[in-house]
Amino acid sequence: MLGHSTNPPSPTLDIIINNGFWPDLDPNAFREEERVHNVTPPRLRQSLRAAVADVNRQLANYQHAHQQAGRMACDAIPPEPWQSPGDIQLLYLRAVYAQAQADLLERYRDASATGKGDERGEAKDLAADDYRADARWAIAELTGRSHTTVELI
């Protein structure tokens, strides 16, 4: 029985169509890469769609500037000298995936009233904050802004 899973296979999810400039998203790839197999398909899609809307809003000026320069899709953006081909799409997906992960962690926070439940919830909140920081970093890296982390004491 080694190598056999008792869990049924996850259903295949439809591609999420983006705005034409940024790549469409494959929820199946997100589920595999981020290991979120326990999330229901509707919830997973909702988190990804909200993440796309948020990241696209943050990148609206960047997208507009490139479209004004005649680049109608992100794969037409010339990479910076330090970037490898595909880095722009990779950073975009990282930002979206991190935002979606933060949303999922907050939504699936343990509602238990026990001390252990509270500790798990606080750990998930910290992890969600880390994912949001990852999203900010990816957006800053993508747009060429410096990414400074400021921590309040």
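Buried here means under 20% relative accessible area. That cut-off applies at several stops on this tour of a predicted model.

Start with the rings F30 and Y97. Both F30 and Y97 fall in the buried class.

Now turn to the aromatic pairs, of which the structure holds four. Select W22 and Y92, a stacked pair with 4.6 Å centre to centre and 5° between the planes. The two rings come from distant parts of the chain: W22 sits in the segment before α1 (27-34), while Y92 belongs to helix α4 (residues 87-107), 70 residues apart. W22 and Y92 are both buried.

Go back to F30 and Y97 and look at how the rings meet. They form an edge-to-face pair, 4.9 Å centre to centre with 70° between the planes. This pair also links distant parts of the chain, with F30 in helix α1 and Y97 in helix α4, 67 residues apart.

Next, add F21 and Y62 to a selection of W22 and Y92. Ring pairs link F21, W22, Y62 and Y92 into a cluster.

For the last stop, move to helix α2 (residues 41-58) and select S47, which lies in this helix. Is S47 buried or exposed? S47 has a relative accessible area of 1%, and it counts as buried because that value is under 20%. Show what surrounds the residue: leaving aside residues up to four places away in sequence, S47 touches A100, D103 and L104.

Definitions and conventions:
Residues numbered from 1 in each chain as written. Predicted model: local features only at pLDDT ≥ 70, side-chain atom pairs only at ≥ 80, totals over all residues. Heavy atoms only, no water. Helix = DSSP H or I, 4+ residues; strand = E, 2+ residues; numbered from the N terminus. Buried < 20%, exposed > 50% of the residue type's maximum accessible area, 1.4 Å probe, protein only. Contact = heavy atoms within 4.5 Å. Phe/Tyr/Trp six-rings, centres within 6.5 Å; stacked < 30°, edge-to-face > 60°.
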